[in-house]
Amino acid sequence: MAKANMRPDKNPMPSQDPKVRARNFDEVALGYTEEMALDEAMRCLNCKNMPCVAGCPVNVHIPEFIQKIRECDFEGAYQVIYRTSSLPAVCGRVCPQETQCEAKCVRGIKGEPVGIGRLERFVADWHNAHSDSAVSVPESNGHRVAVVGSGPAGLTCAGDLARLGYKVTVFEAFHTAGGVIVYGIPEFRLPKAIVRREVENLKAMGVEVETNVVIGKTLTVDELFAEGFEAVFIGTGAGLPNFMNIPGESLKGVYSANEFLTRSNLMKAYRENSETPIMRGGCVAVVGGGNVAMDAARTALRLGAEKVYIVYRRSMEELPARREEVEHAEEEGIEFHLLCNPVEILGYENPENSRDPKNGFVTGIRCIRMELGEPDERGRRRPVPVEGSEFTLNVDTVIMAIGTSPNPLIKSTTEGLEVNRKGGIVVEEATGATSRRGVFAGGDAVTGAATVISAMGAGKTAAAAIHDYIQNP
Amino acid sequence: MYSIISRQQLNPTVVSMEIHAPLVARKAQPGQFIILRVHEEGERIPLTVAGTDPEQGTVRIIFQIVGATTKLLGEKKAGESISDFVGPLGRATETEGLKKVCIVGGGVGCAIAMPVAQKLASQGCEVTSIIGFRNRDLVILEEEFKACSAKTILMTDDGSCGRQGNVTVPLKELLEQGERFDRIFAIGPLVMMKFTVAAAKPFGTPVTVSMNPVMIDGTGMCGGCRMTLNRNGEKVVQFACVDGPEFDGYEVDFDEAMSRGRMYADFERHAYEETCNLLNKEVQ
């Protein structure tokens, strides 16, 4: 075997120039070339105990696929990943590798870990560009399973079950399949053509996708069983947006991140001729510090905002978004107002004219400075307001990106489905089994807002458990 | 795709359609709504269900052509289809135990009020219907209301048909004459619902109103339809799509709802004009 490349840093990801990309919706990261991929693959030490695999929620056989890259067998590398992950092109882009596989990489002890995510993306893109091999349709085992929600958890569960020969029907409330990877994650981070292709692959394997069906409304879980489905997987995500309950949140120009991103991503409001409206331009404040906040801020910028602020109550150290996303946002010119918390959103009111069309639109956001106090129960230092430190940011749009709660629609129409205090569906962790026989669940509907890959891991776990449940009744 | 089974022009700007959507038809109840997209690149708009035929698998919608999307929808003919139609969403009207009600409908809101009136009548409830329109050319569903109501009062703003005045005039008269209703259902423009609540207030009659705010998904996900309720002195935020669309009229902040309804006024006017221009070109 060729000697490993011992350079301490990983091959940088080629990206669009920040000034240019801040005004377009094309993908930011451009992907490795073959040369870069081969060079990066040579950095892998091919450790016998494979610590990286243990860091992957879906157990991708990482050293094995990297070995295939070294052999220039890119399709072979893809097949290794595809054995355990149904969405390689998606994961290569949006997984937080730095806290998962790459966090365990031995090369990370002295220097940077192997760029596993970048290699995964390279392999998936190579496959999508070069492979014309038709998806093989597994032999049917005659059993039917319903999957509710077509996000990462649902698609993974459906894919794994389809490979085992199950006849799977996926029900999606929206008009397009993909869930959060379609409505939530912007085009510049995850082109929608990639998601479409993954969904088409599933359909080619025999998975049926029924859009425009709201389980809990159009059909209930009980009706799915009555129709002959033997098991049901619920992967409905964490739907309901949280607000701060401060004055002014009902003013025109205040969005939840869900609404703002859905308008832009799913409804294509970023296109000039879109039939779906969205507020563009002006100054924008995004409240929150997660990946969703970064996505909203960078979307606002691309929609033509003059200035975009992130308002976050803790410091950069506690900011939960991926480092890479924060760096991208900073490069593009997003301004971070850290240790600040909104206390009120201000609106225009013409005292002379109650019919002034400008009335009721946002004019600013009033914030208070914070300092970090004692650590809370999760060990994060609790932010405490600094008395008398209020200040106003003049903005036209405010986007609340402070988290979501699970959607109660299914729970309220499914008898015997236990949920926790926060509304998340209670499951047995090892199987995803809920309190209702034959009903399994996973992803944000169980955990509250988390990552694409952890939802995929849960979909995978549940698929195995559903297989076991149906085969060994 | 969802086929348009029939199309009927009720007045110059209001159209009734029956859409083939068997799953929705089987479930939808008065008070609930659907969301549709006319075509693949279209906007999602909510419309309250105006009736269903579960056997035929059809859902009736009645809408006024007010913007780009309703303009495009209105151009569709029977036999054509629309790309998306999802529902039923929201909560159904609570009609249980009501013995005597007043239905107050304004304009195209009458289309939503009608199935509520019909359901109440079918449960043996005595229905008084007050329906109002701008002028005689815009009157819709008069016969349907008469068929299910003990008393139907038709109002027009200009007096060209029925009595002149707005719907709160006869409502006040009835209440002042000592008529007592278990509940009033007010469905129509926000300002009409606001003044219906004001008219009922001195008599303490409960009022249910049906809200139709901006929304995208209709399942609680976007929060665009949020509205502030004043409940026992406290401000409570609820989502019209999952908590409504019907609310206790005394709790609704109508001024806020009216303001929020105008968020995209400029965009909508522009989009409507563009669509009209486009359609006119096609005609030429």
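Where in chain A does Cys72(A) lie? In this predicted model, the residue belongs to the loop between α4 and α5 (74-84) of chain A. Cys72(A) makes a good starting point for a reader new to the structure, and the chains that surround such details are introduced next.

Chain A contains 17 helices and 16 strands. Its radius of gyration is 23 Å, close to the 23 Å that the globule rule gives for 473 residues, so chain A is as compact as a globular protein of that length. Along the principal axes, the C-alpha atoms of the chain fill a box of roughly 75 × 60 × 50 Å. Of the 473 residues, 58% are buried. Contacts with a separation of 6 or more can be sorted by distance along the sequence, and 70% of them in chain A involve residues 24 or more positions apart. The accessible surface of chain A amounts to about 19,500 Å², and carbon and sulfur atoms hold 51% of that area. Chain A also carries 52 positive and 62 negative charges, and the mean positions of these two sets are 2 Å apart.

Chain B can be described along similar lines. Its secondary structure consists of 9 helices and 16 strands. With a radius of gyration of 18 Å, close to the 19 Å that the globule rule gives for 284 residues, chain B is as compact as a globular protein of that length. The C-alpha atoms of chain B occupy a box of roughly 55 × 40 × 40 Å along the principal axes, and 56% of the 284 residues are buried. Among its contacts between residues at least 6 apart in sequence, 65% link residues at least 24 apart. Chain B exposes about 12,200 Å², with 47% of this area supplied by carbon and sulfur atoms. For the 30 positive and 36 negative charges of chain B, the mean positions lie 2 Å apart.

The interior comes next. The largest nonpolar core has 76 residues, and those with the most contacts inside it are Ile62(A), Phe65(A), Ile69(A) and Ile466(A). Helix α17 (residues 452-471) of chain A gives the most to this core, contributing 9 residues. A second, separate core of 57 residues includes Leu251(A), Val254(A) and Leu409(A), together with Met227(B). Beyond its neighbours within four places in sequence, Ile62(A) touches Cys52(A), Val53(A), Cys101(A) and Ile116(A).

Val439(A) offers a closer view of a covered position. This residue sits in strand β16 (residues 439-441) of chain A and is buried, because its relative accessibility is 0% and the cut-off for burial is under 20%. Leaving aside neighbours within four places in sequence, Val439(A) is in contact with eight residues named here in turn: Val221(A), Phe225(A), Val232(A), Ile234(A), Leu417(A), Gly432(A), Ala433(A) and Thr434(A). Val439(A) and Phe233(A) are 206 residues apart in sequence, yet their C-alpha atoms are 5.9 Å apart in space.

Thr176(A) gives another view, this time from the loop between β2 (167-171) and α9 (180-183) of chain A. With a relative accessible area of 29%, Thr176(A) is partly exposed. Its contacts, apart from neighbours within four places in sequence, are Val182(A), Thr211(A) and Leu266(A). From C-alpha to C-alpha, Thr176(A) is 9.4 Å from Val209(A), and the two are 33 residues apart in sequence.

In chain B, helix α2 (residues 68-75) is mostly covered, with 7 of its 8 residues buried. The buried residues of α2(B) are Ala68(B), Thr69(B), Thr70(B), Lys71(B), Leu72(B), Leu73(B) and Gly74(B).

Some details of the backbone complete the picture. Two cis peptide bonds can be pointed out in chain B. One runs from Gly87(B) to Pro88(B), with omega near -5°, and Pro88(B) belongs to strand β7 (residues 84-89). Another runs from Gly244(B) to Pro245(B), with omega near 10°, and Pro245(B) lies in the loop between α7 (240-243) and β16 (246-248) of chain B. In chain A, phi of Asn59(A) is near 55°, a positive value in a residue other than glycine. Asn59(A) is located in the loop between α3 (51-54) and α4 (62-70) and is partly exposed at 40% relative accessibility. Cys72(A), with which this account began, likewise has a positive phi, near 60°, and is partly exposed, with a relative accessible area of 46%.

Note on methods: Residues numbered from 1 in each chain as written. Chains lettered and ligands numbered in written order. Predicted model: local features only at pLDDT ≥ 70, side-chain atom pairs only at ≥ 80, totals over all residues. Heavy atoms only, no water. Helix = DSSP H or I, 4+ residues; strand = E, 2+ residues; numbered from the N terminus. Rg over C-alpha atoms; globule rule 2.2 N^0.38 Å. Buried < 20%, exposed > 50% of the residue type's maximum accessible area, 1.4 Å probe, protein only. Contact = heavy atoms within 4.5 Å. Areas by Shrake-Rupley, 256 points an atom, 1.4 Å probe, with all protein chains shown as cover. Lys, Arg positive; Asp, Glu negative; His and termini not counted. Charge placed at Lys NZ, Arg CZ, Asp CG, Glu CD. Core = buried A, V, L, I, M, F, W, Y, C linked by side-chain atoms within 4.5 Å.
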